[in-house]
Every structure is written in structure tokens, then in C-alpha cells.
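Biologist: I should be grateful for a close look at a single part of this structure, followed by a connected account of what surrounds it.

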Amino acid sequence: MQTNISTKPVYTISTAARLLGISIPTLRMYETEGLIIPFKKSSKHRLFSDADLERIRCLRRALNGGKMGLESIRRMLAIIPCWAIIECTEKDRKNCEAFTSYDKPCWMHNHKDNVCRDRDCRECEVYNSFSDCSSLKEKFKELVPPKK
Ligand code: SF4
């Protein structure tokens with residue numbers, strides 16, 4: 001999990017794209033595909049933090065170096081056990097598509113009748129479990145402790 005990188009949303013989409021060396025449409029596509037959740041101002045403009053930029057760099061390493069496709073990354077994020085991380089109830093799980101499906105991350109589902117309905121996914125520990133290249137693995141290690 002990230003510790004020192006700022007999560008304060010400060011960069012406009014054009015600045016973020018320039019800092020990352022990618023195009024604005026590519027950044028928008030990552031959002032549409034559910035891989036990132038930029039901060040949305042009331043004007044609907046997007047802002048990005050240093051933590052967002054690091055998350056995107058990690059994604060791009062997986063896409064370009066790891067030869068993974070967007071679909072594979074989305075499915076990988078879909079298996080994050082959000083129910084164990086936020087410890088939701090049996091009733092929440094029954095009413096949650098993220099608990100039963102494997103095609104997209106929990107934050108891409110439309111939660112109408114469970115604990116996630118009013119939660120801010122951008123601030124959630126689940127979304128932030130994958131905030132840089134090592135954090136997802138660290139989260140799994142934390143959830144599955146070694147046998148004594
Ligand atoms: S608040 Fe959002 S990111 Fe967190 S568990 Fe619920 S749907 Fe997933």
C-alpha cells in the first residue's frame with residue numbers, strides 16, 4: 001500500500017496526460033474501462049493526484065511490458081475480495097453483483113441495495129488496494145496470513 005505519495009487531486013487531465021506521456025483520450029479510456037477513478041469536480045472536470053499517476057504508470061507497465069490487455073487487468077481487479085476487506089454483511093453480499101460476478105471490479109457495479117451504495121469508491125480501501133504495482137499483492141498477503 002502506498003504511504004508517501006500524495007492523494008490530493010491537483011492535476012488537470014491535460015497536465016496528467018503530459019506528465020504520463022500519454023494522450024487525453026487514453027486517460028479517458030482508462031476511466032471508462034474502470035481502471036481508474038479520477039476525482040470529479042462539481043464542474044465534471046477531472047483532477048488527478050500523484051497517487052493516481054503512480055497507479056496509471058503501474059497499469060501501463062502491465063499493459064506494455066507485461067503484455068496484459070485492458071480486459072485481463074479488469075478481470076484481475078474483479079477478483080479483489082472486497083467483501084473481506086470492508087467486511088460487509090451476509091445481506092450485503094446477497095445484494096451485491098460484485099460478490100457473484102467476475103467480469104469487472106466492484107467499483108464498476110451499480111450498487112443499489114448494499115453497504116456500497118453511498119460509499120466513495122475513490123476513497124475506499126478496496127480501490128486503493130491496487131494503487132501501485134506492489135499493493136495488490138501486499139493486500140492479498142494481509143488477507144491470507146501464513147499458517148502458524
Ligand atoms: S465502496 Fe466501491 S470500491 Fe469500496 S467495496 Fe464498495 S464498490 Fe468496491
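In what order do the three strands form the open sheet, and is the pairing parallel or antiparallel?

Modeller: The model is a predicted one. Its open sheet is formed by three strands in the order β1-β3-β2, and their pairing is antiparallel. The edge strands are β1 (11–12) and β2 (39–40), each of which pairs on one side only. Between β2 and strand β3 (residues 46–48), which run antiparallel, there are two bridges. One residue pair may be named here: K40 has R46 in β3 as its bridge partner.

From the sheet one may turn to the helices. Helix α1 (residues 13–20) packs with helix α3 (residues 50–65) at an angle of about 45°, and their axes are 11 Å apart. An angle that is neither under 35 degrees, nor over 145, nor from 65 to 115 counts as oblique, and α1 and α3 are therefore oblique to each other. Their crossing is right-handed. On the α1 side the contact involves A16, L19 and L20, which meet L53, I56 and R57 in α3. By class, the residues of this contact comprise five nonpolar, no polar and one charged.

The ligand has its own surroundings. The residues around the ligand are C82, I86, C106, W107, H111, C116, R119, C121, C124, V126 and Y127. Helices α5 (82–86) and α8 (125–128) each contribute at least two residues to this shell. The shell around the ligand divides into nine nonpolar residues, one polar and one charged.

How values were computed. Residues are numbered from 1 along each chain as its sequence is written. This is a predicted model: local features need pLDDT of at least 70, side-chain atom pairs count only at pLDDT 80 or more; totals for chains, interfaces and linings use all residues. Axes are lines fitted to C-alpha atoms, for helices over the stretch in contact, and angles run from 0 to 180 degrees between N-to-C directions. Helices (H or I, at least four residues) and strands (E, at least two) are DSSP runs, numbered from the N terminus. A crossing is left-handed if the near helix is turned anticlockwise from the far one by less than a right angle, and right-handed if clockwise. Two residues are in contact if their C-beta atoms, placed from the backbone, lie within 7 Å. Ala, Val, Leu, Ile, Met, Phe, Trp, Tyr, Cys and Pro count as nonpolar, Asp, Glu, Lys and Arg as charged, and the others, Gly among them, as polar. A residue is near a molecule or strand if its C-beta atom, placed from the backbone, lies within 6 Å of it. Two strands pair if DSSP finds at least two bridges between them.
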